[in-house]
Amino acid sequence: MGMSVTISAARAQDAEQILKLQYLCYQSEAELYGDYSIEPLTQSLDDLRAEIGRGHALVARLGDEVIASVRGTVDEDGTARIAKLIVHPRMQRHGLGGRLLDAIETHFAAEPSARRFQLFTGHRSEGNLRLYRSRGYVPVAREEIGPRLTLVTLEKEAAAQAYAASA
């Protein structure tokens with residue numbers, strides 16, 4: 001009998017597994033852009049714990065193993081900033097990233113202060129861009145970080161998600 005994937009709020013004791021998974025998942029991004037000094041690969045365990053403490057984090061588990069994660073915060077102007085959506089390479093392309101994105105949007109849509117969702121990815125990260133566009137995100141800004149990397153910021157209104165969550 002196979003195990004099913006469960007999504008839940010991250011616990012403090014998940015931080016180490018999340019960091020290891022983050023390191024694994026961002027290898028392909030670092031290779032794509034030729035930059036292994038990107039923040040997800042240099043983040044310390046203490047910094048990750050603090051980041052989780054400042055916002056909300058979800059994990060997907062297969063048994064006891066954390067196989068995916070996402071986190072975010074809502075800022076003072078009502079923007080829910082979603083970050084570091086990661087899925088273990090062996091679990092990719094099975095809809096898990098979309099499920100996690102939907103789950104964190106639903107969480108933030110329940111907060112009255114959240115008026116929009118925003119996230120970013122690199123301009124060459126076609127899989128990420130495809131997922132975000134399929135979930136209603138549209139590009140709103142581009143920022144050249146260096147000669148090889150341009151960050152694409154995508155956004156969508158939270159109102160549609162709040163309606164879907166309450167229906």
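This report covers a helix pair, one further helix, a strand residue and two residues with positive phi.

The model is predicted: local features need pLDDT of at least 70, side-chain atom pairs count only at pLDDT 80 or more, and totals for chains, interfaces and linings use all residues. Residues are numbered from 1 along each chain as its sequence is written, and side-chain values use heavy atoms, without hydrogens and water. Helices (H or I, at least four residues) and strands (E, at least two) are DSSP runs, numbered from the N terminus.

**Helices H1 and H3**

Two packed helices are described by the angle between their axes and the distance between the axes. Helix H1 (residues 15-33) and helix H3 (residues 45-54) have axes that come within 10 Å and cross at roughly 110°. Here axes are lines fitted to C-alpha atoms, for helices over the stretch in contact, and angles run from 0 to 180 degrees between N-to-C directions. H1 and H3 are therefore roughly perpendicular to each other (65 to 115 degrees). The contact (heavy atoms within 4.5 Å) uses Ala15, Glu16, Ile18, Leu19 and Gln22 from H1, and Leu45, Leu48, Arg49 and Ile52 from H3. These residues divide into six nonpolar, one polar and two charged. Ala, Val, Leu, Ile, Met, Phe, Trp, Tyr, Cys and Pro count as nonpolar; Asp, Glu, Lys and Arg count as charged; the others, Gly among them, count as polar.

**Helix H4**

Helix H4 (residues 96-109) has 14 residues, which should span 20 Å at 1.5 Å a residue. The expected span is 1.5 Å times one less than the number of residues. The end C-alpha atoms of H4 are 20 Å apart, which agrees. Buried residues of H4 (buried is under 20% relative accessible area, exposed over 50%, partly exposed in between; 1.4 Å probe, protein chains only) include Leu96, Leu100, Leu101, Ile104, Glu105 and Phe108.

**Leu154**

Leu154 sits in strand E7 (residues 150-157). At 0% relative accessibility, Leu154 is buried. Gln118 is 36 residues away from Leu154 in sequence, yet their C-alpha atoms are 5.7 Å apart. Leaving aside neighbours within four places in sequence, Leu154 contacts residues including Phe117, Gln118, Leu129, Tyr137 and Val140.

**Positive phi outside glycine**

Lys84 and Arg93 are set out below.

| Residue | Phi | Location | Relative accessibility |
|---|---|---|---|
| Lys84 | about 50° | strand E4 (residues 79-87) | 12%, buried |
| Arg93 | about 70° | loop between E4 and H4 | 77%, exposed |

Neither Lys84 nor Arg93 is a glycine.

Key: Parallel < 35°, antiparallel > 145°, perpendicular 65-115°, else oblique.
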